[in-house]
Amino acid sequence: MGLVRFGEHRFDAKLVSFDKDGTLFDFNASWRRPFLQAVDNLLSPFSNRARLWSPLCRALGFDTVAGTFSEDGPFAADTSEATVRAAATVLHQLSDPTLPWHKCEELVRRRFAPILAGPVDLSPVTDLAALFSSLQENCVRVAVITSDDSGPTEAALARFHLSRFVDFVACGDGAIRHKPAPDPLLAAAKAVGVSMAETVVVGDAVADLRMARSAGAGLAVGVLTGVGSRRNLGPLADLILDSVAEIRVDFSPHGEQSPAPDHSSDRPGEP
């Protein structure tokens, strides 16, 4: 049995919790096309759709010039229900003539949400089955904690042959509070019988790392395949990797754990 290497940093991990979109799958490459299709489908009945397009994208956290998602926008950082509410709000405020709220919400649920809940051409950042298999073979448990709904999450894990390697899944439509609250990570560790000191969180967004800090995880790792930047992730992360492709089991002859960098002086508190 070896330590797990996160880039050049070795850690005696017993549980690694991964975010889904932006961490296991490249966020912009995976979601840009279906998002724009969903927006186009939602606005097609509106005579003033050209006026609605930019405000709707902006409200959901999509930069129409750069073609990228913002890490603090509801589409990237929050649940599907929060995205529905944000989209319906824009329609209610800017539709001409003004539509009642319930009609706007109904349109979003009927014309926008199903496209994003359906099959999406996800772009894995590496050979995920090989990564998860290597962790499992070395007695490291795997969790997936995501803001996405359970249906698309389970479908993605099955499609990429990951389900059998995953010991715990928490989704945005689950019964427990979602990240950045510590609840899903605490539940994952309890379910597999692992302490927080032996738990690693890997994610592309500030919410992932805030969850790690509030739960007391042993290591918080940021990745740059999603919506987070090095500047925004840095204050909360012990280290930042380009992607999860830099994670591997390291058969160290010494078996010694490298201490995590101490960022306690510059970590912002939990909001």
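# Pocket, domain and loop exercises

Of everything lining the largest pocket, the biggest share comes from α5, with five residues. (Helices are DSSP runs of H or I with at least four residues, strands are runs of E with at least two, and both are numbered from the N terminus.) You're working with a predicted model: local features need pLDDT of at least 70, side-chain atom pairs count only at pLDDT 80 or more, and totals for chains, interfaces and linings use all residues. Residues are numbered from 1 along each chain as its sequence is written, and side-chain values use heavy atoms, with hydrogens and water left out.

**Exercise 1.** Work out what surrounds the largest pocket and where it lies relative to the domains.

*Solution.*
- Start with the space: the largest pocket holds about 480 Å³. (On a 1 Å grid over the protein atoms alone, a pocket is an open set of points with protein on both sides within 12 Å along at least five of seven lines; a cavity is a set where a 1.4 Å probe fits but cannot get out; lining residues have an atom within 4 Å of a point. Points join across faces, edges and corners, and volume is the space filled by probe spheres set on them.)
- Now the residues: 30 of them line this pocket, and Phe75, Asp78, Ser80, Ser147 and Asp148 are the closest to its centre.
- Next, the elements: α1 (27-43), α3 (74-77), α4 (80-94), α5 (101-117) and α9 (206-215) each give two or more residues.
- Sort the lining by class and you get 15 nonpolar, five polar and 10 charged residues. (Ala, Val, Leu, Ile, Met, Phe, Trp, Tyr, Cys and Pro count as nonpolar, Asp, Glu, Lys and Arg as charged, the others, Gly among them, as polar.)
- Finally, the pocket lies between domain 1 (4-24 + 125-249) and domain 2 (28-117), because both give residues to its lining. (Domain bounds come from an automatic or database assignment.)

**Exercise 2.** Do the bookkeeping for the second largest pocket and for the two domains.

*Solution.*
- The second largest pocket has a volume of about 230 Å³.
- Its lining includes Asp78, His178, Lys179, Pro180 and Arg210.
- Here α9 gives the most, three residues.
- The classes come out as five nonpolar, one polar and five charged.
- Domain 1 and domain 2 each supply at least three lining residues.
- As for the domains themselves, their C-alpha centres are 28 Å apart, and 14 residues of domain 1 contact 11 of domain 2 (heavy atoms within 4.5 Å).

**Exercise 3.** Find the cavity and say what lines it.

*Solution.*
- Searching the whole structure turns up one cavity of 30 Å³ or more.
- Its volume is about 30 Å³.
- Among the residues lining it are Ile145, Cys171, Arg177, His178 and Lys179.
- By class, that lining is five nonpolar, two polar and two charged.

**Exercise 4.** Lay out the three-stranded sheet and name its edges.

*Solution.*
- The sheet is open, ordered β2-β1-β11, with antiparallel pairing. (Two strands pair if DSSP finds at least two bridges between them.)
- β2 (9-11) and β11 (247-250) are the edges: each has a single partner strand, so one side of each has no neighbour in the sheet.
- β1 (residues 3-6) and β2 are joined by three bridges, and phenylalanine 6 has histidine 9 as its bridge partner in β2.

**Exercise 5.** Track down the backbone oddities at proline 97, proline 180 and cysteine 139.

*Solution.*
- Aspartate 96 to proline 97 is a cis peptide bond, omega near 0°, and proline 97 sits in the loop between α4 and α5.
- Lysine 179 and proline 180 are also joined by a cis bond, with omega about 20°; proline 180 is in the loop between β7 (168-170) and α8 (183-192).
- Cysteine 139, a residue other than glycine, has a positive phi near 65°, and the loop between α6 (128-137) and β6 (141-145) is where to find it.
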